[in-house]
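Here is a short report on one protein model. Have the sequence and the structure at hand while reading.

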Amino acid sequence: MICHLSLLVVFSLFVSQCHGGCAEVDSMTEAVAGEGFLLGCISCKRREEVSARATVDWHFKPLGEDEFRHIFHYDHPSADILHEDFSDRLEWHGTKNSDIQIGAIYIHDVIFNDTGMYRCTIQRTLFLPLYDEHVTVEKDVELSVVAVANRELTAVVAEILMYVLIVVLQLWLIVVLVYCYKKISEEHEAREARKALKAQAELLESKDNCDGVQLE
């Protein structure tokens, strides 16, 4: 039983995230010039069982300006780039149906002029039994474009800890497997020993019966 529980715990640590629900993770905020960048925008429904329909709009306010520009609109299955500065550079990377919870877009070939504030607006209609509820969610991403990527100390430490955790879990799994193997081997040897003793006892009993018949 201990072996089974230990193996189950190890397995669950690796797969527990596979079927997780929606999580509102903030977008990254630093892009590298000449590379691609994913602008994240996640708005989770509070009640998954309720059907809904949503549209997503992205606006951009360049650094040093006061007004937002409407650059992208998504209404499944239509994705429209609305500003010439982003022509052929924006790609929908969000939910691929009308019940949108992820409104992310991908910028190809980032340039320094892409620096500024991006606003993601999700307009959702919840189809409730008695009425339809309209909800608007706005999320801002302040993007900086740099020539070379900067790795923050926290990111480096997190990556090191992740690898250490993976190694520790692998070692623990090996220890558990060795323990289980020894346990199973000992039980098998004990079972074989009991069988041998039982067979020996049956042989002696059979021999005694035979001797009793000869004496008579």
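## A salt-bridge network and its surroundings

E24, R46 and K139 are linked in a network of salt bridges. This is a predicted model. The structure holds nine salt bridges. Side chains of opposite charge can pair when their charged atoms come close.

Take one pair from the network. The side chains of E24 and K139 form a salt bridge, at 3.4 Å from N to O. E24 sits in the loop between helix 1 (2–15) and strand 1, while K139 belongs to strand 9, so this pair ties together parts that are 115 residues apart in sequence. E24 is partly exposed, with a relative accessible area of 36%. K139 is partly exposed too, at 25%.

**Two further pairs**

The side chains of D99 and K45 also meet in a salt bridge, at 2.8 Å from N to O. Here the pair links distant parts of the chain, 54 residues apart. D99 lies in the loop between strand 6 (90–92) and strand 7 (105–107). K45 lies in the loop between strand 2 (37–39) and strand 3.

Is K45 buried or exposed? K45 counts as buried because its relative accessibility is 8%, and buried means under 20%. Its partner D99 is partly exposed, with a relative accessible area of 22%.

R119 and D140 form a salt bridge as well, with their closest N and O atoms 2.8 Å apart. R119 is in strand 8 and D140 is in strand 9, so the pair ties together parts that are 21 residues apart in sequence. Both residues are partly exposed: R119 has a relative accessible area of 25%, and D140 has 43%.

The three pairs are set out below.

| Salt bridge | N to O distance | Separation in sequence |
|---|---|---|
| E24 and K139 | 3.4 Å | 115 residues |
| D99 and K45 | 2.8 Å | 54 residues |
| R119 and D140 | 2.8 Å | 21 residues |

**The sheet**

Strands 8 and 9 also belong to a sheet. In what order do the strands of this open sheet run? The order is 1-9-8-3-4-5, six strands with mixed pairing. Strand 1 (30–32) and strand 5 (78–81) stand at the edges. Each has a single partner strand, so one side of each is left without a neighbour in the sheet. Neighbouring strands of this sheet are turned against each other by 25 degrees on average, direction ignored.

Look next at strands 3 and 4. Strand 3 (residues 52–62) and strand 4 (residues 69–75) run antiparallel and are joined by five bridges. D57 has H73, in strand 4, as its bridge partner.

**The second largest pocket**

Now turn to a pocket. The second largest pocket holds about 220 Å³ of space. Its lining has 14 residues. Which of them lie nearest the centre of the pocket? They are C44, K45, R46, R124 and L126. K45 is the buried partner of D99 described above. R46 is a member of the salt-bridge network with E24 and K139.

Strand 8 (116–127) and strand 9 (132–146) each supply at least two residues of this lining. Strand 9 gives the most, with four residues. What kinds of residue make up the lining of the second largest pocket? Six are nonpolar, one is polar and seven are charged.

Definitions and conventions: Residues are numbered from 1 along each chain as its sequence is written. This is a predicted model: local features need pLDDT of at least 70, side-chain atom pairs count only at pLDDT 80 or more; totals for chains, interfaces and linings use all residues. Side-chain values use heavy atoms; hydrogens and water are left out. On a 1 Å grid over the protein atoms alone, a cavity is a set of points where a 1.4 Å probe fits but cannot get out, and a pocket is an open set with protein on both sides within 12 Å along at least five of seven lines; lining residues have an atom within 4 Å of a point. Grid points are joined across faces, edges and corners, and a volume is the space filled by probe spheres set on the points. Ala, Val, Leu, Ile, Met, Phe, Trp, Tyr, Cys and Pro count as nonpolar, Asp, Glu, Lys and Arg as charged, and the others, Gly among them, as polar. Two strands pair if DSSP finds at least two bridges between them. Axes are lines fitted to C-alpha atoms, for helices over the stretch in contact, and angles run from 0 to 180 degrees between N-to-C directions. A salt bridge is a side-chain nitrogen of Lys or Arg within 4 Å of a carboxyl oxygen of Asp or Glu. Buried means under 20% relative accessible area, exposed over 50%, partly exposed in between (1.4 Å probe, protein chains only).
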